[in-house]
Amino acid sequence: MSAKTYPLQFEPILKERIWGGEKLKTILNKPITSKITGESWELSTVEGDVSIVANGALKGKSLMELIDETPNEILGTEVYKRFGKQFPLLFKYLDAREDLSIQVHPNDKLAKERHNSFGKTEMWYVMQADADSRIIVGFKENSSKEEYLKHLNDKTLVSILDDVKAKSGDVFFLETGTVHAIGAGLVVAEIQQTSDITYRLYDFDRKDAQGNTRELHVDLALDAINYNKVETQKKYESKADTSNSVVDCPYFTTNFIPLENRVEVTKTGKSFTVYMCVEGSFEIEYDGFKQSYMKGDTVLVPAEINEFILSGKASILEIYIS
């Protein structure tokens, strides 16, 4: 094990959005200064938005630098073999003061052909929900390109989309092609493939402070959409001090840990592990290292750290690549 390797935290990359608010500060303690902050990018290697280490001896170094210098140690042997020196996931917290636009993400094939990018399979964990908050996910019934275009042109698209009430603890898994929108009043943790490719279908005719509407991508989206009804909400167990499976897909595995005392973790070195604290607080201990984390914190445990202990009282998302 490298003498300087330890669990890493990164400076949040804060994004203003027309639909954003102030909950990333009031609920998650992020250092926002704007009243329309919609996203905190916690772990990113998207070009122009690369995460910078915030703690310890490596403070100030970028995630890309660390991966370039020690790819197996940071990413893990299997992740490095599969993705090279690319960090394959993007981690965010989002605050939707208003509805997000209705959008869709392309699959790997389309994203590679059009944008030289990964596709964008993603999942949401609802951290906080106002009364009657909802999420738009897919179609109510199997649809078609023709029906979709008719309703889009008539500004009645929402009428054929599925509308699901959302509450704290709910998980939604969105495969590429699923039309979706996070509804107003929700704070979510988002885990996704490393991609910033979004096709915006409808934005409720909103205008920004300068009176401009946002660009739509209707033509690009036509071949990206899955027009069939899909099941997106994930049910999962909540056994204390255990990694409960939530999502297991080719791009990432996510477990839910209701931490009440302690969990001894053993890893193989094949993948990094990321922990997102969605409630409470906890500590990571290993080989003389001890660090506390609170709600809204995200920590990257490099792959070469094979044995460590989680302790405290918290709800934690555990993410790695199988």
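Reader: Which residue follows H5, and what is the sign of its phi?

Author: Asparagine 116 follows H5, and its phi is positive, near 50°. The model is predicted, so local features need pLDDT of at least 70 and side-chain atom pairs count only at pLDDT 80 or more, whereas totals for chains, interfaces and linings use all residues. Residues are numbered from 1 along each chain as its sequence is written, and side-chain values use heavy atoms, with hydrogens and water left out.

Reader: What makes asparagine 107 a cap of helix H5?

Author: A side-chain oxygen of asparagine 107 lies 3.2 Å from the backbone nitrogen of lysine 109, at the N-terminal end of H5 (residues 108-115). A polar contact is a pair of N or O atoms within 3.5 Å, one able to donate a hydrogen and the other to accept it; the 3.2 Å therefore meets that distance limit. Helices are DSSP runs of H or I with at least four residues, and strands are runs of E with at least two.

Reader: Which residues lie nearest the centre of the largest pocket, and how many line it?

Author: Arg17, Trp19, Glu39, Gln103 and Thr198 lie nearest the centre, among 23 lining residues. A pocket is an open set of points on a 1 Å grid where a 1.4 Å probe fits, with protein on both sides within 12 Å along at least five of seven lines; lining residues have an atom within 4 Å of a point.

Reader: Which strand gives the most to this lining?

Author: Strand E1 does, with 4 residues.
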